[in-house]
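User: I should like to go through the terms applied to this model and see what justifies each of them. Please set the values against the definitions.

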Amino acid sequence: MTALSLAQPNQPARAKALVNLTGLSRAKVQAALIEAGLCPPDKARMRTAQVWRWLQHFGVTEFDAMTDVAKSLRADLAQHFTLARPEVVERQISRDGSRKWLIRTAPGIEIESVYIPDVGRAGALCVSSQVGCTLNCTFCHTGTQPLVRNLTAAEIVAQVQVCRDDLEEWPSPQADRRLSNVVFMGMGEPLYNLDAVAEAMDIISDGEGIALSRRRITVSTSGVVPELQRLGETTQAMLAISLHATHDELRDVLVPINRKYPLKDLMAAIRAYPGLSNARRVTFEYVMLKGINDTPAEARELMRLIKGIPAKINLIPFNPWPGSPYECSDWATIERFAGILNKGGYASPIRTPRGRDILAACGQLRSESEKVRASTLRRENSQSEASILSSSAL
Ligand code: SAH
Ligand code: SF4
């Protein structure tokens, strides 16, 4: 498969650059078709709907597959646009059926996504929103990778499309989907890239495309308090909060963003999350760290903290990674913790570790991408402009 850049570098349009349509919003597809002179504005809505269905419902990667589009128009489309997928650098399948893809969307931009069967309604895809992360939660592997950059909406959508290619799940089935849920729990902090996350959600939830219900899309955050309201209002996403500690002293260490937005502020913002109800509960994620946050007293403290919030609590056995400074709590300790929460009336499933053998479990993702300094990039650009251009233009 051809390598492709889904990034939209700030470069002036060049004569031969082909725009990739597969990750664009409906409005952007329409604007692109008009700009290319491929439909008069009064026909644009209809033509966009026709092309959109091929892209997002049938998942085609070649214009020739658009059988109800006139041959001459298909040729014109191919002059201006491409439908190529990004390069899948590596694909691994775990003993438990989880699949992990390493996807290269642009030179030096490598993203990991993981499909986990039997999670959610049928199976969940865990997508990344950034390459690396600016935050440094001490138990998280991604936190050891400095932020390279935010992903574009197209790069987020591409993860869903690659997964569907692999599951052979085109056209979008009405029922019996293998990919039924999407969770923003891969690399990065989605609320530090909310515009792209929201745009990607618009694309994958469009009823004439992939048509994932917004109630099956969950955004997990470490607690970027000022963005919670906007997340709820613009996306109606299901909310997951990486809590991990019940008092500021410990949370300051485990989830350092807590120093900026302490528990009191976080809890107030969660209580005000738009659409919160018993049918749309918040998920609190709580990683079980041996001797750190796993006592019965902390289980009780946790319930006191979230009192009155429609919630469930996901207990996540800590997944180790090379050099990680913690151990996972014993199974009996986790079960006792879960038992206390259950007795208090909370659903508190213990998340079975999945894909550990391929480093695909929660918090184990980390790609080798490194931030290239702007000066180096400029030098490389001018040295090999032709080659970079040709790859980003595909
Ligand atoms: N940045 C977001 C989403 C990505 S992390 C967030 O922090 O919520 C997805 C989930 O995996 C979070 O709940 C995170 O706390 C958890 N996690 C990170 N490292 C982990 C590890 N080593 N073991 C288990 N869970 C981990
Ligand atoms: Fe970033 Fe989330 Fe990992 Fe914290 S847990 S370092 S916010 S990806």
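User: Where is aspartate 176 placed, and what is its phi?

Analyst: Aspartate 176 sits in the loop between α4 and β9, helices and strands being DSSP runs (H or I, at least four residues; E, at least two) numbered from the N terminus. Its phi is positive, about 55°, although the residue is not a glycine. Most residues other than glycine have a negative phi, and most peptide bonds are trans. The model is predicted, with local features requiring pLDDT of at least 70 and side-chain atom pairs pLDDT 80 or more, while totals for chains, interfaces and linings use all residues. Residues are numbered from 1 along each chain as written, chains are lettered from A and ligands numbered from 1 in written order, and side-chain values use heavy atoms without hydrogens or water.

User: Which peptide bond is cis, and where does its proline lie?

Analyst: The cis bond joins tryptophan 170 to proline 171, with omega about -15°. Proline 171 belongs to the loop between α4 (153-167) and β9.

User: What makes β6 and β9 a pair?

Analyst: Strands pair if DSSP finds at least two bridges between them. Strand β6 (residues 123-126) and strand β9 (residues 181-184) have three bridges, in the parallel sense, so the criterion is met. One of the residues bridged is cysteine 126, whose partner in β9 is valine 183.

User: Why are β3 and β13 called edge strands?

Analyst: The open sheet has nine strands in the order β3-β4-β5-β6-β9-β10-β11-β12-β13, with mixed pairing. Both β3 (87-93) and β13 (311-317) pair on one side only.

User: Which residues are closest to ligand 1?

Analyst: Ligand 1 is surrounded by 21 residues, the closest being Phe139, Gly188, Ser220, Ser242 and His244; a residue counts if one of its heavy atoms lies within 4 Å.

User: What makes serine 242 a polar contact of ligand 1?

Analyst: A polar side-chain atom of serine 242 is 2.6 Å from an oxygen atom of ligand 1. The limit for a pair of N or O atoms is 3.5 Å, so serine 242 qualifies. Histidine 244 likewise places a polar side-chain atom 2.6 Å from a ligand 1 oxygen, and for glutamate 285 the distance is 3.0 Å. The protein covers 96% of the 530 Å² of accessible area that ligand 1 has on its own (Shrake-Rupley, 1.4 Å probe). Two or more residues of the shell come from each of β10 (217-221), β12 and β13.

User: Which residues surround ligand 2, and how do they divide by class?

Analyst: Around ligand 2 are Cys133, Leu135, Cys137, Cys140, Gly143, Gly188 and Ser222. They divide into four nonpolar, three polar and no charged residues; Cys and Leu count as nonpolar, and Gly as polar.

Terms used: A polar contact is a pair of N or O atoms within 3.5 Å; within protein, one must be able to donate a hydrogen and the other to accept it, and residues adjacent in sequence count only if both atoms are side-chain atoms.
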